[in-house]
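Thank you all for making the time this morning. I would like to walk you through one structure, moving between single residues and the chain as a whole, so please keep the view open while I talk.

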Amino acid sequence: MEERKNVYGVVLAGGVGARMGNVEKPKQFMEVGGKPILILVLEKFVVHPGFDQVLVLSPKQWMRYTEDLIRKYMPQHQAHIIVLEGGHTRNETIMNAIHYLDSQGMLDEDTVVVTHDSVRPFVTHRILEENIRAAQEFGACDTVIPASDTIVQSISHEIISDIPDRTMMYQGQTPQSFKAKKLRRVYESLTPQEKTILTDACKIFVIKGEEVRLIQGEVYNIKITYPYDLKVAEALIVSNDGQD
């Protein structure tokens, strides 16, 4: 019997891709390089030996479609990939994944979840490996790259409020990885007001003064959000960048 690793990939495919424009299906199902973006992401996870299973969190109405894609493109990995219903928000979706692990008897204090955008297909083996290690050692980590442009803050959205020191600024990517039970405990300790200002899972820890380690990302670990990003992703696949 294969030894359990206590590490689970959690691919967040709950979005509907409104910023992609007038498209008939969520952006994670759009094709790049002849394959749906979600499949490109899953391929990176299933070839990494560090995961017990990969959980895909999907909008309810797209769960069957997601399962059909996995059956079509990855039949040999079907048993390794579980499709679950996502929540109303990103963090509720992650909590759904943790609840599933708990219901299956797979959740303990050492269980790690590596959460990743379903439209970020150029994640590397190194990034996944460093996320797993950092989450196991420190409890939480975030994948980032140094900010290359000056960051301008405007509270009014009309006038500059501040221009912070760029050397201390980073752009967030994913994965974001956590010890699952600790993440759930911290999330459940938040007030309803605190939950409304959350933009990602790492902020749950930051709000409560918990440390989050930084993992070096890659410039090409892009999130496919706008139509222009599809062209960049196609070019990356043609040039074979970000494929290892």
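Let me begin with a question: is Tyr65 buried, partly exposed or exposed? In this model, which is a predicted one, Tyr65 has a relative accessible area of 29% and is therefore partly exposed. I start there because Tyr65 belongs to a cluster in which ring pairs link Phe29, Trp62 and Tyr65, and that cluster is a convenient way into the rest of the chain.

A pair of aromatic rings is described by the distance of the centres and the angle of the planes. For Trp62 and Tyr65 the ring centres are 5.3 Å apart and the planes stand at 85°, so this pair is edge-to-face. For Phe29 and Trp62 the centres are likewise given as 5.3 Å apart, but the planes meet at 35°, so that pair is tilted. Phe29 sits in the loop between β1, residues 7–12, and β2, residues 31–32, while Trp62 sits in the loop between β4, residues 53–58, and α2, residues 63–73, so the pair ties together parts that are 33 residues apart in sequence. Both Phe29 and Trp62 are buried; in the case of Trp62 the relative accessibility is 19%, and since buried means under 20%, Trp62 falls within that class. The count of aromatic pairs comes to five.

Let me now step back to the whole chain. The protein chain has eight helices and nine strands. Its radius of gyration is 18 Å, close to the 18 Å that the globule rule gives for 244 residues, so the chain is as compact as a globular protein of that length. Along the principal axes, the C-alpha atoms fill a box of roughly 55 × 40 × 35 Å. Of the 244 residues, 47% count as buried, and among contacts with a separation of 6 or more, 74% are between residues 24 or more positions apart. The exposed surface is about 12600 Å², with carbon and sulfur atoms supplying 50% of it. As for charge, there are 27 positive and 33 negative side chains, and the centres of the two sets lie 3 Å apart.

A residue that shows such contacts in detail is Phe45, in helix α1, which spans residues 37–46. Phe45 has a relative accessibility of 0% and so counts as buried. Beyond its neighbours within four places in sequence, Phe45 is in contact with Gly9, Val11, Phe51, Val54, Val114, His116 and Leu128. Phe45 and Val10 are 35 residues apart in sequence, with their C-alpha atoms 9.5 Å apart in space.

Finally, some backbone geometry. Most residues other than glycine have a negative phi, and most peptide bonds are trans. Where, then, does a cis peptide bond occur here? A cis bond joins Thr174 and Pro175, with omega at about 20°, and Pro175 lies in strand β8, residues 170–179. Asn6, in the segment before β1, has a positive phi of about 65° although it is not a glycine, and at 15% relative accessibility Asn6 counts as buried. His157 also has a positive phi, of about 70°, and is found in the loop between β7, residues 140–146, and β8; with 73% relative accessibility, however, His157 counts as exposed.

Note on methods. Residues numbered from 1 in each chain as written. Predicted model: local features only at pLDDT ≥ 70, side-chain atom pairs only at ≥ 80, totals over all residues. Heavy atoms only, no water. Helix = DSSP H or I, 4+ residues; strand = E, 2+ residues; numbered from the N terminus. Rg over C-alpha atoms; globule rule 2.2 N^0.38 Å. Buried < 20%, exposed > 50% of the residue type's maximum accessible area, 1.4 Å probe, protein only. Contact = heavy atoms within 4.5 Å. Areas by Shrake-Rupley, 256 points an atom, 1.4 Å probe, with all protein chains shown as cover. Lys, Arg positive; Asp, Glu negative; His and termini not counted. Charge placed at Lys NZ, Arg CZ, Asp CG, Glu CD. Phe/Tyr/Trp six-rings, centres within 6.5 Å; stacked < 30°, edge-to-face > 60°.
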